[in-house]
Structures are given as structure tokens and as C-alpha cells.
Amino acid sequence: MTQWKPTVCMRCAVGCGQLQRGVDEGFGVDEVQGNHQHPGTNGLACKRGIRETKSPDGEWLTEPLIRRGDTLRPATWDTALGTVAAEFLKATAEDPDNLAILGSGQQTNEAGYTLGKLARGGFGTRNYDANTTLCMASAVTAYYRAFGSDAPPCTYDDIPDAETHIVWGANPDAAHPVLYRWIRNSADQDGCRLVVVDPVESETAADADQHVAIEPGTDLVLAQAVLARLVETDRVDREFVDSYTDGFEALTASLPDVATAAATAGVTVETVEALAAAFDDRTLLYWGMGVNQSTHGTGAAGMLINLCLATGNMGPGSGPFSLTGQANSMGTRVCSSKGTWPGHRDFGDPANRERVAEAWDVPVDRLPDDTGPGPVGIVDEINRGHIDACWTVATNPAAGMPNATNVERALDDVFLVVQDAFRSETVEHADVVLPAATWGETEGTVMNMERRVARVTSVSDVPDGVRQDIDIIANIGNRVTSTLFEEPRLDPETVFDELRALTAGTPADCSGISYDRLAAERAVRWPAPDAESEGGYRYHDDGSWSFPTATGSAQFSTASYEGLPEPTDSTYPLLLTTGRRPGAYNTGVRNRNETAETPRARIHPETAGRYVELLDRGRTVVASRRSRITVDLVPDDSIPPDAIWMDVHHPAVNALTLPAIDPESNEPNYKQCAVRLESPETSSPVTRSGVVTPGPVGND
Ligand code: SF4
């Protein structure tokens, strides 16, 4: 047996500390268990984190591939990388924006930083983004607006101290099992409670002391109703608001009438009052993709932050706490130069641009001057003929982006380079495939949702044909610009040292977090400006508050509800919503056995009863204005009437979803679109991914 080595789970952003050991012979992880010495999680782990790693079912990529006609054929690394570099140079010869690069919240910080450095500092393209925009961008935008920083104030230490836990648009029982155990344990104490706001009676909602079942997509307006109720019943924490915030008068002037807003959200005024009363106690307010993945995502997330600010629910044991999905979504935001320069440095600040250009030894005018249009906008740019080449790293846009059939067509229109560990839907569209090491095979760091940095370590070698992410990126970089990187193999510790030096003095200061410190302490929260300090509750020191905004105060925000971007109508009378299934992870490239099956569509039994003539042995077809897929229809009274719930992970489902985005965050509106059921006899048989009729299905 190989040695047990400390590492951190890469299956979700709880970031559980684990011990791994590799197989005796060959490649891969043999066993995983919780690490009792890891701060924060103390040996806890869930089945997904343990089991999925032990035996991934996905098809591993083991050698570079180059497209010859309709097939991908093996190639040498030199040929593959030379081809990629030549095509990228050709694409960027006239305009750097002709190259798009899509990264991931599943990369290490070292890989994300290296990719951002090459994208922004090497090529200078504005079309660089990551799949974190698909899940967290609305929360991030709301945090910046409210606090001047993308740092959730809370940490896991606050969970036991809260009296009321409000989970809004999230299902941590399925998505974050270890975190949910802490929430449940705290809510079970005398005088404590768990309140869940969700249109669906999810696993978490079924377990709650109170479940508020709202109309899908009305999170913003319900939060406004609760705020309006708090104002009209004089339950605002005036001392906190007057001392530490700006903009409260503008917010109150913008709020709707309680009864009208309650009706829009599909709840009673009594329910609004009950939610308002929940904030009387020390309250932690968690939210997730049900809030973020909306055309109103930034406004809704901002309104949840407003609720905490207005009730003085800031400070240990209380506050707003976004639940991050991917293991290193936080790290992507801190280090990869996506929406900010490393360390959350403001993208538009000339001093930051000078500092970054100096650190990277590149001309400052090579750095792009805006953060780009986001992943959906990049697909639009491809469709307009403005992008010639695209490079995806540890992400699967052909399955994971909305209106995925359109995304697949766009990927076919560019020179596509796919860097990944597993054979994904996106690989099928690639011109060059670069096989990369994955969890258990790579060295680096990640940051969990409470800002804690931890090491991921390798317990297994990789096949000769597979390389580390940072080496692949640096090799391409060195073929297009000679000054950016040392020669591969890059040392991950050297990369991290460069990154942490760039964060010094910023709100996300990691300069005091070294590999040696992580080896000794296992995990350290930022900001950590020196080798002894560690970040705790943010913006609050010695009884006083200070926010990195222009005025030093937290900022209330306003927003208005404009309705769903694609409401139901007589042609598409059902609303499709999506969510996480326990045990599954994103587009499922590591657990193909589960996602290759025909997708299940959960529907309220009374609604299902109206469509029995469209069922063939339990199967039917769900059609949106974008595509049709064959599903197994499962009656389930936890789903609201006239709605269908499907697995956000299944590669077929995003053929149906809507590419409308939040205009402030660029995050797509995955959670609601209009669909109808059709007879399965009118469609072709189900394919591996479940998609039966790609492409538009009509203008009606
Ligand atoms: S809760 Fe998340 S980080 Fe922890 S073991 Fe489970 S999947 Fe891994």
C-alpha cells in the first residue's frame, strides 16, 4: 500500500480535509477517508467525496488527440502543442479577442492563476472566463456592491452560534452534506430553527421547521416583501444602519407594497411576517444557485444581503453566506484574473494594471481593459463570427451551458482545444484534446467557500500521455510568448508564491500562506497578511465595522422585479426548473453511469394526470423552444403544480434551458424556462445523452 497523504476533497466547496492513498500498481486513487487533523471539517466527509474518487466511471483521457476528419486520433505532445500554438497565434494575429479561453472552478489555484496569466498577460484577450460565472457570479457582484469585496463575511465557526438558519434557494442536504450536518445540529438546539425558502420541497426543505414554497423565480420580490414588512413594523436595526451603511432611504423608497409583493411570490402576508420575524434572532442567511441563476440573480442576492444589513444580522453567528458549488470557485475568483486582477484587485484601476503588468513582465497595454461578456456572451461572439479559436480547461460547456445544442454548434465553428482528464461532451467537438492530471494526481491548492486555502496532493503517478495542467498551459504560453513562464515542468509552489505575492495588501491577502505553513496547519483562511495571522469574520474588528467601499460603509442596493424571462403560456404551459441530485457532481464526467441513463423529470401527480395520453411506459418528451429530450416522468408531490424538476447535472437537460443572463453578472437563468410535454411516438429514440431532436423546434 502507498502512504496515506493529506489532501482536500475536490467534489464540492465545503473543502473537507481528507487522507488519500494511491493504488499499489498502475494509476489512480485507492482509498479516501476524512482527516481528523484538518481544521474546520475534523475528519468529516460525505459519500460523494469518498466514493466517487475511489472508482470514477468516466472515460479517462490518456494521450493527446488531434482531429483527422470525423475522428480524433492519437498524436504526440509536441505535435498537439505545436498545432495549438500555431492556431492560437493565427487566431490572435489581428486581434487578441479572436481567442476565447474558458477555465474552471475545478482547477487548482496554481492552474487557474497560470491560465489567467497566459490569457490576460500573454494573449491579452478579453474573452477569458470560467464556469464559476455559471453559478456564483450573481453572488459575487452583489458582494462587491454591498461590501466592496467578494469575501463572504461568515465562516463555518459562525454556524453553531446562529439561532435561526435561513436556507434560500439551496439544498445543502444534497449539495453540501457536511455543511448541512452543522446547520442541522445547530438548528436542533433549544430555541433554534431552520427555515427554507424554495419552490420545491427539497431534501433540506422537507427537513426544515418551516418551508416557504414560493413561486419559482420570485426570490427578489419575496425578499423585498420581507424588507418592506420589517420597515413598516419598525424592526430595522437603526443603530447599525445609521452607523455603518449607506443607501437605506433609497432602498425603502424602492420597496413594493407587502401584500402585492407577497401575492407575486405566491405566499401570504402571514408567511412574509413569519420570515420577517425569523430575523429577530441571530440569523445566518445561506443562499445558492436557486437565487444566483436568474436574470434577477444579482438583485436577489443583494436583497438578501440588505435583509442582513437592515436587521443588524452582521457579526459572529449571523450574516449573509453564499453556498459555493465547485471546489475552487473561490480560488478562481481570487487568483485567475477573470473578473478582477489577482487578489480581487479592481480590473479598471490603472495602478493595479501597472502592478500586474510589472509582475508578469508584460506591456501594460497588452492587458485587456474590460472583463469580457461572460460564457454566454462568448458563445454569442462565436456565433457572430468574432472568435476563431476556443480553449476549454476542466470545463464541459457542451453539456453545462444553457441552450447547449446552440453551444455545440458554436464549438463546431471554432478551432477547439479541450484540456481535461475525462472524455466529456465537449471533447466530441474538439480539434485537439490535451489530457490533464486530475484530483489525486496533481499538486496545488484550493480555497473553500469560507476562504480557507488548503493543499491538494498527488498520491498517484499519471500515465506517460497525461500532463499537469500548469505544464500544459506554460508549454503553450512559451510557444507564443517567451517571457511569461519558467520552462515546464513548473513547480506549483513557485507558482503559488508568485500568486500570493500579488495578493499582498489586497482584501484577499494570501501573502502569509505558504506551502510550508499549509503542511503544518493543513488549511488557513485569508486574509492572512503574515505567517501568523488568519482571517476570521470579515469587516468587523474590535466592535467596529469597516468595509472596503468608497465611503467605508456597507451599501444597500435596489432592484426591480421584471418577471420571468420566459414565462409559461398556452403553447409551453409547464415551467422547467433544475436542481442537484444527491451524489451527482456537475455534468457528471466522473460518474457517467448515473448520467447516461434517460433523465428523470419529476412532476406533481395532479399535473402528470393531465398528460397520461403522452406517456409511453412512463416515458414522454419534454420540449422547450430550443430542443426536445426524452425523459422518464416521475410523479412526485414535492414538485409544485405545473412545474417539472430535472437534474442540473444531466448532459441532456441544458438542451432545454434558456440562455438569458443577468445583465450585471452575466450568470444564466438556468432555473426557469417554459416547456411542454409531447408524445414520445413523435420523436426519434433516446441517444446516450438523452437528446432526441437537436436544434430549434419552432417559433411558437
Ligand atoms: S461535503 Fe463536499 S467537500 Fe466534503 S466530502 Fe462531501 S463532496 Fe467532499
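Welcome to the tour. Begin by selecting β10, β9, β8, β12 and β13, in that order: these five strands form an open sheet with parallel pairing. Keep in mind as you look around that this is a predicted model.

**Stop 1: the five-stranded sheet**

Colour the two edge strands, β10 (210-212) and β13 (319-322), each of which pairs on one side only. Now turn the view to look across the strands. Neighbouring strands of this sheet are turned by 20 degrees against each other on average, direction ignored.

Next, pick a helix that lies against these strands. Helix α12, residues 269-278, packs on the sheet and touches β8, β9 (193-197), β10 and β12. The direction of α12 makes about 125 degrees with that of β10.

Zoom in on one pair of strands. How many bridges join β8 to β12? There are five, between residues 164-168 of β8 and residues 283-287 of β12, and the two strands run parallel. To see one partnership up close, select V167 and look for its bridge partner in β12, which is Y286.

**Stop 2: G312**

Move on to the loop between α14 and β13, where you will find G312. Is G312 buried or partly exposed? G312 counts as buried because it has 20 C-beta neighbours inside 10 Å, and 20 or more is the cut-off for that label.

Now show R238 as well. G312 and R238 are 74 residues apart along the chain, while their C-alpha atoms are separated by 8.4 Å. Add D237 and F240 to the selection: leaving aside neighbours within four places in sequence, these are the residues in contact with G312.

**Stop 3: two domains**

Zoom out and give each domain its own colour. Domain 1 covers 137-322, and domain 2 covers 574-693. Their C-alpha centres lie 28 Å apart. Where the two touch, 23 residues of domain 1 are in contact with 23 residues of domain 2.

Which helices should you highlight on the domain 1 side? Try α4 (137-147), α5 (172-175), α13 (289-292) and α14 (297-310), each of which supplies at least two residues to the side that touches domain 2. Of the contributors, α4 gives the most, with four residues. If you colour this side of domain 1 by residue class, you will see nine nonpolar, 13 polar and one charged residues.

**Stop 4: strand β25**

Select residues 619-623, which make up strand β25. Four of its five residues are buried, so β25 is largely enclosed by the rest of the structure.

Follow the chain onward from β25, and a hairpin of four residues joins it to β26. The two strands run antiparallel, joined by five bridges. Click on V622 and you will find I629 of β26 standing opposite.

Strand β25 also pairs with β28, residues 673-678, in the antiparallel sense over three bridges. Here, select V621 to find its bridge partner E678 in β28.

**Stop 5: some backbone details**

A little background helps at this stop. Most residues other than glycine have a negative phi, and most peptide bonds are trans.

Start with D642, in the loop between β26 (628-635) and β27 (643-647). D642 has a positive phi of about 65 degrees although it is not a glycine. With 15 C-beta neighbours inside 10 Å, D642 counts as partly exposed.

Jump to R522, in the loop between α22 (515-521) and β19. R522 has a positive phi too, near 75 degrees. This residue is buried, with 20 other C-beta atoms within 10 Å.

Two cis peptide bonds come next. One runs from W526 to P527, with omega near 5 degrees; P527 is in the loop between β19 (523-525) and β20 (540-541). Another runs from P488 to R489, also with omega near 5 degrees. Look for R489 in the loop between α20 (469-480) and α21 (492-502).

**Last stop: the ligand**

Finish by centring the view on the ligand. What surrounds the ligand? A shell of 13 residues does, and the closest are C9, C12, C16, C46 and G49. Highlight helices α1 (47-54) and α6 (177-187), each of which supplies at least two residues of this shell. Coloured by class, the shell shows eight nonpolar, three polar and two charged residues.

Methods
Residues numbered from 1 in each chain as written. Predicted model: local features only at pLDDT ≥ 70, side-chain atom pairs only at ≥ 80, totals over all residues. Near = placed C-beta within 6 Å. Nonpolar A, V, L, I, M, F, W, Y, C, P; charged D, E, K, R; others polar. Domains from an automatic or database assignment. Contact = placed C-beta atoms within 7 Å. Pairing = 2+ DSSP bridges. Axes fitted to C-alpha atoms, helices over the stretch in contact; angles between N-to-C directions. Buried ≥ 20, exposed ≤ 12 C-beta atoms within 10 Å, placed from the backbone.
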